[in-house]
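Biologist: Before we discuss how the protein meets the DNA, could you put the sequence and the structure in front of us?

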There are 2 protein chains.
Amino acid sequence: MTVGTNLAEVSALIGDPARANILAALMDGRALTASELAYVAGVGASTTSVHLAKLHDANLLTVVKQGRHRYFRLASPLVSRMLEGIMTFAAIGSPPRYQPRTTNDTAMRLARTCYDHLAGWLGVALADALVARGHIVLGDDAGELTASGIDALGKLGLAPAALQHSHKRVFCRPCLDWSERRPHLAGAIGAALATHCFERHWIEHIRDSRAVKITTAGRAGLRSSFGIDLSDRPTL
Amino acid sequence: MTVGTNLAEVSALIGDPARANILAALMDGRALTASELAYVAGVGASTTSVHLAKLHDANLLTVVKQGRHRYFRLASPLVSRMLEGIMTFAAIGSPPRYQPRTTNDTAMRLARTCYDHLAGWLGVALADALVARGHIVLGDDAGELTASGIDALGKLGLAPAALQHSHKRVFCRPCLDWSERRPHLAGAIGAALATHCFERHWIEHIRDSRAVKITTAGRAGLRSSFGIDLSDRPTL
DNA sequence: GGAATGCTTCGCCCGAGAACGAAGCGTTCG
DNA sequence: CGAACGCTTCGTTCTCGGGCGAAGCATTCC
């Protein structure tokens, strides 16, 4: 069976804990060096080298040499999607078993990027707020911006109507959040909202992570614009 | 790393050739018995039993007892999506290496179902035909039915306008075809087209497979309705 | 130039887990 | 009721591949 074979080969590649850690660390699209990846993988440099070679051979990673460093990154958005698909199942479809929380984990669960939009508690809260106010209607597979939504987001300077009719990209769709297990907003509108938050410095990237920090200005802005209350959330 | 661990566990589960064959065989949503799965897995009954138990424990499969048979099926659409994601990468992102073709493989590549819509050569040809005639505009991530498309599909009795404004489901989106490596049509419109073809007996399910057979009536109908020429395609 | 750094290659060890066959248990058929 | 069937459990074997450290090869720093 040629189909099953490829399925098995690729999955087996991801199925090693060290390699899975490497791939998870690269999920946000950054490029990391072999040494950094050895650290996140939790194994020695020599072992990591072998793993990276395999991932590279299978076209999961691309590599660029820079001086005496070798920077690895995910080879394509296809790889990200594949990994996100597996992680989503692992988080949602799998039995809710006890998982120790790390500090970084807490930050990731509060707010992080997912491709170009927001995920984590914040991402879900944002989606909830827009749905609660009748700005967005969300289905299982797609969503729709209502007239009041076009109006409200327009007042924030987002010009959603302009995005709405490009068919290059889905305008509004739910994206299952693996930590909250509920949908957040993806598609053009999700990206626009994330950009908006970054531009106003409501959120900032946390170094070496997909997690984002919610600034003081962000706490105020998210409350006044969307009614999102962060007072009972950890400051980190 | 709690995230990477789950990723690895799930992937390792899929990463065994026997289990991958089992999952691939269940991809179309049918339920198969343990014996049938033992056959597709290519291992003995006892070994299969262990594999099925693992897949079941991890919530990838559900099982229903019926007499002395145990029927297994994929536990949820989430599992299908995950597997489709991996298979897509395996087919597209991986190096184009030599793959021996089996008879069944040929049928699968000609026409098959992908969830509820059509894939394979036929699926891509259908998408191409609609795009070429200006009925559909396809982007990377979404697609749009044009006025001429609404008109043309309406004449076939599809009432696309009715489907278009339910936001429960994406109306039209491209879905990367792993055998053709080009997009076919998914979403509500893809499903409607597939249903249309089945209802008119243009295509029929092939027993024990996701592959579909194109009937003589189908060859005529696909040509007259969409200009799809199957004369140089194998009859099987 | 020499030392330090980053990464890879090699050889070895070792454990996890996939496979099988035999035996056991429950269901159905004649 | 006995036989056949479908599936699981058990015990054993054995292979694959991940792990490490030492050594080797680049590149860069001082």
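The questions below take the surface near each DNA strand in turn.

Biologist: Which residues come nearest to DNA strand C?

Modeller: This is a predicted model, and in it 19 residues lie around DNA strand C. Of the atoms of this strand that come within 4 Å of the protein, sugar and phosphate account for 69%. The residues that come nearest to DNA strand C are A:Ser35, A:Ser46, A:Ser49, A:Arg70 and B:His51.

Biologist: How far is a side-chain N or O atom of A:Ser49 from a phosphate oxygen of DNA strand C?

Modeller: The backbone also takes part in contacts with this strand, since a backbone N or O atom of A:Ala34 lies 3.3 Å from a phosphate oxygen, and one of A:Arg68 lies 3.2 Å from a sugar or linking oxygen. For the side chain of A:Ser49, the distance from an N or O atom to a phosphate oxygen of DNA strand C is 2.6 Å.

Biologist: Which element supplies the largest share of the surface near DNA strand C?

Modeller: At least two residues each come from helix H3 (34-41), helix H4 (45-57) and strand E3 (69-74) of chain A, and from helix H4 (45-57) of chain B. By class, the residues of this surface are three nonpolar, ten polar and six charged. The largest share, four residues, is supplied by H4(B).

Biologist: Turning to the other strand, how many residues surround DNA strand D?

Modeller: The closest residues to DNA strand D are A:His51, A:Lys54, B:Ser35, B:Ser49 and B:Arg70. Sugar or phosphate holds 72% of the atoms of this strand within 4 Å of the protein, with the rest belonging to bases. By class, the surface has four nonpolar, ten polar and six charged residues, and the number of residues surrounding DNA strand D is 20.

Biologist: What distance separates a polar side-chain atom of B:Ser49 from a phosphate oxygen of DNA strand D?

Modeller: In chain B, a polar backbone atom of B:Ala34 is 3.3 Å from a phosphate oxygen of DNA strand D, while a backbone N or O atom of B:Arg68 lies 3.2 Å from a sugar or linking oxygen. For the polar side-chain atom of B:Ser49, the distance to a phosphate oxygen of this strand is 2.7 Å.

Biologist: Which element gives the largest share of the surface near DNA strand D?

Modeller: Two or more residues come from each of helix H2 (17-25) and H4 of chain A, and from helix H3 (34-41), H4 and strand E3 (69-74) of chain B. The largest share, four residues, comes from H4(A).

Terms used:
Residues numbered from 1 in each chain as written. Chains lettered and ligands numbered in written order. Predicted model: local features only at pLDDT ≥ 70, side-chain atom pairs only at ≥ 80, totals over all residues. Heavy atoms only, no water. Near = heavy atom within 4 Å. Polar contact = N/O pair within 3.5 Å; in protein donor to acceptor, adjacent residues only side chain to side chain. Nonpolar A, V, L, I, M, F, W, Y, C, P; charged D, E, K, R; others polar.
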